[in-house]
Amino acid sequence: MTQPNMETFVSLCKRRGFVFQSSEIYGGLGGFWDYGPLGVELKNNIKRNWWRSMVQLRDDVVGIETSIIMNPRVWEASGHIATFADPMSDCKDCKRRWRTDDIAINDKGERHCPECGGELTGARMFNLMFKTFVGPVEDEASVVYLRPETAQGMFVNFENVLTTTRRKLPFGIAQIGRSFRNEITPGNFIFRDREFEQMEMEYFVMPGTDEEWHDRWIEDRFNWWLALGVRNQNLRIREHTKEELSHYSKRTVDIEYDFPFAGFAEIEGIANRTDFDLKKHAEFAGRTLQYFDEATGQQVVPYVIEPAMGIDRCFLTLLIDSYAEEEVRGEKRTVLRLHHDLAPIKVAVLPLSRNEQLVPPARRVWDLLRPHFMTQYDDAQSIGRRYRRQDEIGTPYGVTIDFETLEDDAVTIRDRDSMEQSRVPIANLVPVLREKLDPSLPA
Ligand code: GAP
């Protein structure tokens, strides 16, 4: 399968209601996106799938949801105020602004403006956190930040979760939520945004067992991507060099996807954050953030392994990887072979035509299916075109109501991938579809 041309793909996302530019009627805003009716379904399905595998199916992880704006001391302690910055340079000629380390170095060891070849200013550090104020007075004392990662919500709640759940090490705290970064150069569609959503889990372990747990999480997380159907040849694992490690990390491994616009790029990071965050918060908050180890009778500061990913990048990966253009019996079709659990619409209800005799049974089938599956009713244009439209948005099954239905009370189920059709009595439709979809799907 070939990867899509990016322009075709972005236009499909807009045309079919997956992703729109934020505030588009005003010309948009760089790095901000809206998710349309199909996009929000896919996003919710990604979140539910992650939560199921990281929280529901495990006996050692609990979830939380913390506020986006936190006490600004959090970001002093975490090191984000001091170090969460990218180098930035301006072109002296065309005045465009660049993230310095994104610009290639030429054979003379210099960087010139990628736009016009002009001379660049020296790099200065630009902090990526968005600032705002709490309360009516806009002074230094009321400055707060929009969180650039969800992780700190877990660290500052370590004690709360430990005492309320009486967990033993190792255990994890997971969260899904918005994060904000004032990226210098947002771009590549929804790949690098200024507002995005993260799914992160902080896994607290005994010091000394951290390296082993890190390896286990790298493997688990890689397998999660494979289980969603992302092709192995498009994924790779990349070790961070010493120079690029975050200030809190002893070792970080990225899972990367081979994007058509950028080559291999990060979709998830799995970091060994050591005891850095808990120690810093203990110091800044004047608390002891420790765990009492009954085996040794000692207080310990746990180490932390963190699988961290962005939903928007995951969304992009899944759509690109499942996209295919095919020729079937001389006819072209575009199909999203999305994993059933992720498909925004599970079943399309398609009366053969708008003939008035077909409307009542088609409505009856639709009413029957709606409580069980996300459905779409479509009766516009020829049945062939409607199959194509459903293929293009990844709907696994189409149910067609035809004139035979009036005689035998049965319908035809069409499979998105094989395009095979089978006849099923309406009375059996829900269990048959449930079985075909995924027996593990939540009801
Ligand atoms: N708590 C660790 C952390 O935030 P990160 O590597 O900076 O680590 C984790 O971010 C994930 O969040 C990335 O792998 C990526 O999927 C997503 N992410 C980060 N910055 C992003 C941005 N500007 N736009 C979209 N997703 C982003």
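The following exchange goes through the ligand site and some local features of a predicted model.

Analyst: This is a predicted model, where local features need pLDDT of at least 70, side-chain atom pairs count only at pLDDT 80 or more, and totals for chains, interfaces and linings use all residues. Residues are numbered from 1 along each chain as its sequence is written, and side-chain values use heavy atoms, with hydrogens and water left out.

User: What makes the E149 pair with the ligand a polar contact?

Analyst: A polar contact is a pair of N or O atoms within 3.5 Å; within protein, one must be able to donate a hydrogen and the other to accept it, and residues adjacent in sequence count only if both atoms are side-chain atoms. An N or O atom in the E149 side chain is 2.6 Å from a nitrogen atom of the ligand, so the pair qualifies. A polar side-chain atom of E306 is 3.0 Å from a ligand nitrogen, and a backbone N or O atom of I267 is 3.1 Å from a ligand oxygen.

User: Which elements give two or more residues to the shell around the ligand?

Analyst: They are β10 (195-205), β13 (263-274) and β16 (303-310), and β13 gives the most, with five residues. Strands are DSSP runs of E, at least two residues long, and helices are runs of H or I, at least four, numbered from the N terminus.

User: Why is the pair of F158 and F171 called stacked?

Analyst: Rings of Phe, Tyr and Trp (its six-membered ring) pair if their centres lie within 6.5 Å; planes under 30 degrees apart count as stacked, over 60 as edge-to-face and the rest as tilted. The count by this rule is 18 aromatic pairs. For F158 and F171 the centres are 6.2 Å apart and the planes 15° apart, so the pair is stacked. F158 is in helix α6 (residues 158-165) and F171 in strand β9 (residues 171-180), 13 residues apart.

User: What makes the L169 to P170 bond and the phi of R329 worth listing?

Analyst: Most residues other than glycine have a negative phi, and most peptide bonds are trans. The bond from L169 to P170 is cis, with omega near -5°, and P170 is in the loop between α6 and β9. R329 is not a glycine, yet has a positive phi of about 45°; R329 is in the loop between β17 (323-328) and β18 (331-336).
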